[in-house]
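Work through the exercises below with the sequence and the 3D view open. Try each task before you read its solution.

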Amino acid sequence: MRFSRRHSLLVAMVLCASATVAARPAADSDRGGAPGPSAEEGISARVARLFEEAAVATQRYEAGRQAAEAQKAKTVRLEKLLTKERKQIAVLNADLGRIARAQYREGGGVPYTAQMLFADDPEELMRGQRAAWQADLAVNNAVTRSRRAETRLAADEARAATAWRALEEWKAGLSGNKKAIEQKLEVAQWTLQGQADEAVAAGACRGAVRLDQPDGEPSSAWVAPVATYELSAGYGSGGERWASRHTGQDFAVPIGTPVRAVGAGRVVKVSCGGAFGIEIVVKHADGYFSQYAHLAAVTVDQGDRVGPGQWIGQSGTTGNSTGPHLHFEVRVTPELGSGVDPVPWLRKHGVKL
């Protein structure tokens, strides 16, 4: 299915993460508690809100996963630096040991003053001894620097590991929050679908459920009927589910997905019975009609003017439907049997599926 940021910063990031985990989703209470249309409005609004919360939770979870992976990679890099530093120290210690042993063999354990008295060339002995002292000093300084570097790296590694564990806990919290929202969404979706099935069985719509429209400035551009989807059955395809050929393009989407008017127009039909279940038909300025079927709820009434991208309903699986999806048609009349392939029609209006 296609779906429509060094150490000083680390503490701030972890604190922000903890605050995110602590944040609780909005209350689940319906906006309407009365039976009939008010109750439907409550569950429709809940589904729409939970869709938004699920999307946000998914984005936060993905951000947490990426942050944890980046911190884990940093910890691995620091461990490699530590390993390299330890090898260098081992080499330096070995060199220091060789120098000490060479000095002992050359001096034979005799005090340095005695070596000066019995040496054939005292000046050469002094030069050699001075060189040995300098080498000894250089090795000791190098070892000291390396050990300090190792200490710093070890501290960095410990901080990085702590930050990584905190991010892993953050990610786990985000995952739990995401699952909880998805579970609530599933319950709300099937509650909405149950209400829709009751309306279809009665052959009477409950009336428009007015939902808050998506943020953004109104646009004259044509859009796809749903923002995120997977294409399923196409126009003209055959199968046992249809008497002849498929008359539209199906979009596989979950129950309660906001359905959008593809372009400006006027609602000429809202019905809640028959093979299409709950459906809406919109007439456009070019004379064509767009149909949206198998819905779980409608957010417009017959005669309403709609604009491109306006939410006009919520997807479902009412009528002759084998699973949640939106059946979308383009017709030359409002009635079944006058359909044209919606994919090239939408492409002509600048919409590529």
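**Exercise 1. The disulfide**

How many disulfides does the structure hold, and which residues form a disulfide?

Solution.
- Step 1. Fix the rule: a disulfide is a pair of cysteine sulfur atoms within 2.5 Å.
- Step 2. Count: the structure holds one disulfide.
- Step 3. Name the partners: Cys-205 and Cys-272, with sulfur atoms 1.7 Å apart.
- Step 4. Place the partners. Cys-205 is in the loop between helix H4 (122–202) and strand E1 (230–231), and Cys-272 is in strand E4 (residues 265–272), so the link ties together parts 67 residues apart in sequence. Helices (H or I, at least four residues) and strands (E, at least two) are DSSP runs, numbered from the N terminus.
- Step 5. Read the twist: the angle about the S-S bond is 110 degrees, and the link of Cys-205 and Cys-272 is right-handed.
- Step 6. Check burial. Buried means under 20% relative accessible area, exposed over 50%, and partly exposed in between (1.4 Å probe, protein chains only). Cys-205 has 31% and counts as partly exposed, whereas Cys-272 has 5% and counts as buried.

Before you go on, note the ground rules. The model is predicted: local features need pLDDT of at least 70, side-chain atom pairs count only at pLDDT 80 or more, and totals for chains, interfaces and linings use all residues. Residues are numbered from 1 along each chain as its sequence is written, and side-chain values use heavy atoms, with hydrogens and water left out.

**Exercise 2. Strand E6 and its partners**

Which strands pair with E6, and over how many bridges?

Solution.
- Step 1. Fix the rule: two strands pair if DSSP finds at least two bridges between them.
- Step 2. Take E5 (residues 278–284). E5 pairs with E6 in the antiparallel sense over five bridges. Here Ile-278 stands opposite Leu-295.
- Step 3. Look at the hairpin of E5 and E6. Four residues lie between the strands, and Gly-287 takes a positive phi near 95 degrees.
- Step 4. Take E9 (residues 326–331). E9 runs antiparallel to E6, with five bridges. Phe-289 has Arg-331 of E9 as its bridge partner.
- Step 5. Take E8 (residues 311–315). E8 and E6 pair antiparallel over three bridges. Gly-313 in E8 stands opposite Val-298.
- Step 6. Check burial of E6 (residues 289–298). Ten of its ten residues are buried, so E6 is largely enclosed by the rest of the structure.

**Exercise 3. Rings around Trp-345**

What kind of aromatic pair do Trp-222 and Trp-345 form?

Solution.
- Step 1. Fix the rule: rings of Phe, Tyr and Trp (its six-membered ring) pair if their centres lie within 6.5 Å; planes under 30 degrees apart are stacked, over 60 edge-to-face, and the rest tilted.
- Step 2. Count by this rule: there are five aromatic pairs.
- Step 3. Classify Trp-222 and Trp-345. Their centres are 5.3 Å apart, with 85 degrees between the planes: edge-to-face.
- Step 4. Place the rings. Trp-222 is in the loop between H4 and E1 and Trp-345 in helix H5 (residues 342–348), so the pair joins parts 123 residues apart in sequence.
- Step 5. Check burial: Trp-222, at 22%, is partly exposed, while Trp-345, at 5%, is buried.
- Step 6. Add Tyr-288. Its ring centre is 5.9 Å from that of Trp-345 and the planes are at 55 degrees, so this pair is tilted. Tyr-288 sits in the loop between E5 and E6, 57 residues from Trp-345.

**Exercise 4. His-246**

Is His-246 buried or exposed, and which side chain does its own side chain join in a polar contact?

Solution.
- Step 1. Place the residue: His-246 is in the loop between E1 and strand E2 (249–252).
- Step 2. Check burial: at 3% relative accessibility, His-246 is buried.
- Step 3. Fix the rule: a polar contact is a pair of N or O atoms within 3.5 Å; within protein, one must be able to donate a hydrogen and the other to accept it, and residues adjacent in sequence count only if both atoms are side-chain atoms.
- Step 4. Find the side-chain partner: a polar contact of 3.3 Å joins His-246 and Asp-250.
- Step 5. Find the backbone partner: the side chain of His-246 reaches the backbone oxygen of Gly-248 at 2.9 Å.
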